[in-house]
Amino acid sequence: MNNPAETPWLSLQGISFSRAGRTILSDVSLQFGSRELTLLTGQNGSGKTTLLRILAGLLKPDSAILNIEGEKRAESWMRGRSALRNNICYLHQQPYLFDATVFDNVAYGLRRRGLGRSEIGRLVTGALKTTGLDHLIQRHCGQLSGGEKQRVAMVRAWVLQPRLLLLDEPVANMDKPSRNKCLALINRMQRDNIAVVLTSHDPQQGALHISRHLHLYQGRMASKESLAEPSESPAAVSPAQPEKQPQERKPNA
Amino acid sequence: METLSEASRQALFLLFTGDKELWTIIGISFTVSLRAILLAAPFALICAFSLAYTRFPGRRLLISLFNTALSIPAVVVGLTLYMMLSRVGPLGDLRLLFTQDAMIIGQVILCFPILVAMGHSALQASDRRVWETALTLGATPLRAILTVIHETRFGLTAALVAAFGRIIAEVGSSMMVGGNILNHTRNIPTAIALETSKGSFAQGIALGLVLLLLALALNLALTSIQGKGEVAP
C-alpha cells in the first residue's frame, strides 16, 4: 500500500509456512490496494513462489490472519481461501495452457462464471484483439511459442478482471521482443485497476511502473520500499468493453 | 477332429448367418462386461484421483495393495466369490450364485484394481498445474477434477480399454459364479472353454474371432482418441 488515503482491500498478517521441518516463510505481512504493481524479489528458495501460492489460496499457511475488505477471516482458512480464489489469479512461472484452442483457454474462466456464449465470444475476441493475439484465436495451444503461451495465459487471467494478479517470474527466459510485449500487457492490466505482484530475481524492471518493491530473504520480508504512486490513467479501458469493465469485480460474478 | 480350415469356415458361417445361440452368447458377454465396467469406473476414478491428489495415512500401502491386486487370478476371485455366494456362505441368502449379477460382481472385482492402478499412474503423471490453474481461474473443485480428467483422458481411456479387455476375456470367475448356463450366464470365454472340451471348434473359433475383432476395435478407438500417437512438438 503506498497511498495512505486508500484502504487496503486485502491484508494478510503473520504468514508463516514450513514444510518437512524447514521454515519457508516466517511472519510475513502484506496488504494490497488497487492498481499497485508490486515487485517481489529474492534469491532462489527465499519463499517468493510459496508466498504467491498462499496468496492465491493454493497453499494453506501454518498461520496467517486474513482480512478481506475489513472482514477478518482468521477463524477459517477454508472460508478465506475461497474469497482469495474469487479475487485473485495466479500464473505459474510456466503457465499451463489446457489442451485446447487459444479461444477455449481464454474462455475457460468466463465459462466458470456462467456468462453466455455470445458474451464470452465478445470478451475473448476483444481481449485477444487488444493484445495483438487475435490471429491465434483458433490455434491449438500446443502450437504456440513460449512467449505466445505466456501472453495467452496473461490474457486468460486479464479477461476475468481479478482484483489481484500474481505473476511468478513472467518474463524469465524470454527474448527481448516477447519480454516487452509481456511488460506492456502488465502495464495495461495495472491501468485497468488490477493490482499486480510479480516476482523476479532482477530488481530492474525498466518498462514497468513499479509502485512497491518487496524483498524476501530466507522467508522474511527484508525490505519494504514504496517507489511511486501508480500512474493515473483516465483512459484505462477493459479489453472488450471500451466504456466499462467487462466484469463487475464481485466474488463469483 | 475338424481341420482348422474347416472349423474356421464353419465359424464364419455361424457368425454371418446370425446363429441365434452364438449371438446370444456374444450379447451376454457384452452386457455383463459393460455393466461391470460402468459400475466400477466412477468409483475407481474417485479412488485413483484421491490417491494421486490427496495425502492421507496409509496411502502408499493402498497403492501397493491395488498394484498387487492386478495379478490376482480370475479363478481365485471366482473361488472366493463362490464361497461367499454359495448357500452356506455369508451372502448365500442373496441367491446370486449362477446369475449374471454374480458374474458382474466378479468382473467388478477384477477390473477395479486395473482401473485404479492405471488411472492413478495417469493422474500422478499429469501436471499439477492443471488442477491449480483450473482453481485459480474460478473452477469449483468438481469442475477442476473434470478438467484434470479431460487433460489426462488418454491415460484414463487406456485404463478403461485394458480393464474391459481383461474382463471380457476372463473365464475363471464367470465359469465358477455364473455356471455357464446357456442363454443365461454363458459368455464368450466360458463358451469357448466348453466347445473346446467337446471337440467342437467351429463355435469356439467364431467366438474367438469376435474377441479379436473387439480387441482391434477398442484399440482403433483408443488410437483415434489419442490422435497421432506421438509426442507433441
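1. B:Phe98 lies in the loop between α4 (74-85) and α5 of chain B. In this predicted model, B:Phe98 counts as partly exposed because 19 C-beta neighbours fall inside 10 Å, where 20 would be needed for a buried residue. The backbone at B:Phe98 also deserves attention: its phi is positive, about 60°, although the residue is not a glycine. Most residues other than glycine have a negative phi.

2. A second non-glycine residue with a positive phi is A:Asn193, at about 70°. A:Asn193 follows α6(A) and sits in the loop between α6 and β8 of chain A. With 16 other C-beta atoms within 10 Å, A:Asn193 is partly exposed.

3. The helix that precedes this loop, α6 of chain A, covers residues 176-191 and has 16 residues. The distance from its first C-alpha to its last is 23 Å, close to the 22 Å expected at 1.5 Å a residue. Its buried residues are A:Lys181, A:Cys182, A:Leu185, A:Ile186, A:Met189 and A:Gln190. They pack against two strands numbered β3 (37-42) and β8 (195-200), and also against α5 (146-158) and β7 (164-167), of chain A.

4. How does the length of α5(A) agree with expectation, and why? The 13 residues of α5(A) should span 18 Å at 1.5 Å a residue, and the end C-alpha atoms are indeed 18 Å apart, so the two values agree. The buried residues of α5(A) include A:Gln150, A:Arg151, A:Val152, A:Ala153 and A:Met154. A:Val155, A:Arg156, A:Ala157 and A:Trp158 are buried in α5(A) as well. The elements covering the buried residues of α5(A) include β6, α3, α4 (117-130), β7 and α6 of chain A.

5. Is A:His135 buried or exposed? A:His135 belongs to the loop between α4 and α5 of chain A, and it counts as exposed because it has 10 C-beta neighbours inside 10 Å, against a limit of 12 or fewer. From A:His135 to A:Ile186, the C-alpha to C-alpha distance is 21 Å, for a separation of 51 residues in sequence. A:Ile186 itself is among the buried residues of α6(A).

6. Chain A as a whole has six helices and ten strands. Of its 253 residues, 42% count as buried. Among contacts in chain A with a separation of 6 or more, 71% join residues 24 or more positions apart.

7. The largest nonpolar core has 132 residues, and those with the most contacts inside it are A:Leu166, A:Val196, B:Cys111 and B:Leu115. Helix α5 (residues 100-125) of chain B provides the largest share of this core, 16 residues. Leaving aside neighbours within four places in sequence, the contacts of A:Leu166 are A:Leu52, A:Leu55, A:Ala56, A:Ile88, A:Cys89, A:Tyr90, A:Leu91 and A:Val197.

8. At the interface, 16 residues of chain A are in contact with 13 residues of chain B. On the chain A side, β6 (88-91) and α3 (102-112) each supply at least two residues. The largest share, three residues, comes from α3(A). By class, the side of chain A that touches chain B has eight nonpolar, three polar and five charged residues.

How values were computed: Residues numbered from 1 in each chain as written. Chains lettered and ligands numbered in written order. Predicted model: local features only at pLDDT ≥ 70, side-chain atom pairs only at ≥ 80, totals over all residues. Helix = DSSP H or I, 4+ residues; strand = E, 2+ residues; numbered from the N terminus. Expected span 1.5 Å × (residues − 1). Contact = placed C-beta atoms within 7 Å. Nonpolar A, V, L, I, M, F, W, Y, C, P; charged D, E, K, R; others polar. Core = buried A, V, L, I, M, F, W, Y, C linked by C-beta atoms within 7 Å.
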